[in-house]
Amino acid sequence: MDTAACHHDDHTHLGLQGAALRRALGDAEQRCTETQERLTSSRRRVLELLLEADGPLKAYDLIAAFGEDGEPAKPPTVYRALEFLERLGFAHRIESLNAYVPCRLEGQSHQAAFLICDCCGAAQEFQPDFSTQAAAAKAAGYDVRSITLEARGLCPACRD
Ligand SMILES: [Zn+2]
Ligand SMILES: [Zn+2]
Ligand SMILES: [Zn+2]
């Protein structure tokens, strides 16, 4: 999380560690097996970095942090892993930040929407109801494939 400009305490730390992190990776592994996909070591490593983080990460953060020995990854390795994680619904790209977060909601891949804090950079996922927009698009004759909703403001910790 980019907290450089934020002086507010009391943030919820979303990043996973230890047993919780291992459990999340184990769940991902199982979901891959069920869908005949493979959580290769680079896909797993990128997911691990996303799960450990408290906030959204940019691709270059992931590239830099990739090697456990401090070696950066080759960029295509990380981009391909991100593509995979997005496709399976393990991660989402936040367009307005050009950054990635792990999916923290239960269930299969879905449309994600985000509440983004302009102070600390936190991004909280919520499940949107796009039925009104979908109906309007249909009435206009559009075949809509995706709708992006990213709401900006202040998180509970930064509001005070
Ligand atoms: Zn703040
Ligand atoms: Zn999600
Ligand atoms: Zn905040």
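Is arginine 145 buried or exposed? Arginine 145 is exposed, with a relative accessible area of 71%, and the last view below shows its partner. This is a predicted model, in which local features need pLDDT of at least 70 and side-chain atom pairs count only at pLDDT 80 or more, while totals for chains, interfaces and linings use all residues. Side-chain values use heavy atoms, leaving out hydrogens and water, residues are numbered from 1 along each chain as its sequence is written, and chains are lettered from A and ligands numbered from 1 in the order in which they are written.

**View 1. The zinc ion (ligand 1) and its protein donors.** Here you have Cys6 (SG), His8 (ND1), Cys119 (SG) and Cys158 (SG), sitting 2.2 to 2.3 Å from the metal. Donors are N, O and S atoms within 2.8 Å of the metal (3.2 Å for Na, K and Ca); water is not among the atoms, so sites may look incomplete. The 4 donor atoms subtend angles of 100 to 117°, so the arrangement is tetrahedral (four donors with all angles between 85 and 135 degrees). For reference, the ideal angle for four tetrahedral donors is 109.5 degrees. Along the sequence, the donor residues follow the spacing C-x1-H-x110-C-x38-C.

**View 2. Cysteine 158 as a bridge between zinc ions.** Cysteine 158 is shared by the zinc ion (ligand 1) and the zinc ion (ligand 3), which lie 4.2 Å apart. Cysteine 6 sits in the segment before helix 1 (18-34) and cysteine 158 in helix 6 (residues 156-159), so this pair links parts of the chain 152 residues apart. Helices (H or I, at least four residues) and strands (E, at least two) are DSSP runs, numbered from the N terminus. Cysteine 6 counts as buried at 9% relative accessibility, and cysteine 158 does too at 4%. Buried means under 20% relative accessible area, exposed over 50%, and partly exposed in between (1.4 Å probe, protein chains only).

**View 3. A salt bridge within helix 2.** The closest N and O atoms of glutamate 48 and arginine 45 are 3.0 Å apart. A salt bridge is a side-chain nitrogen of Lys or Arg within 4 Å of a carboxyl oxygen of Asp or Glu. Being 3 residues apart in helix 2 (residues 41-52), the two are separated by about one helical turn. Both glutamate 48 and arginine 45 are buried.

**View 4. Aspartate 143 paired with arginine 145.** In this salt bridge the closest N and O atoms are 3.2 Å apart. Aspartate 143 is exposed, with a relative accessible area of 57%.

Notes
Four donors count as tetrahedral if all angles lie between 85 and 135 degrees; four count as square planar and six as octahedral if opposite donors are over 155 degrees apart and all others between 65 and 115; anything else is irregular.
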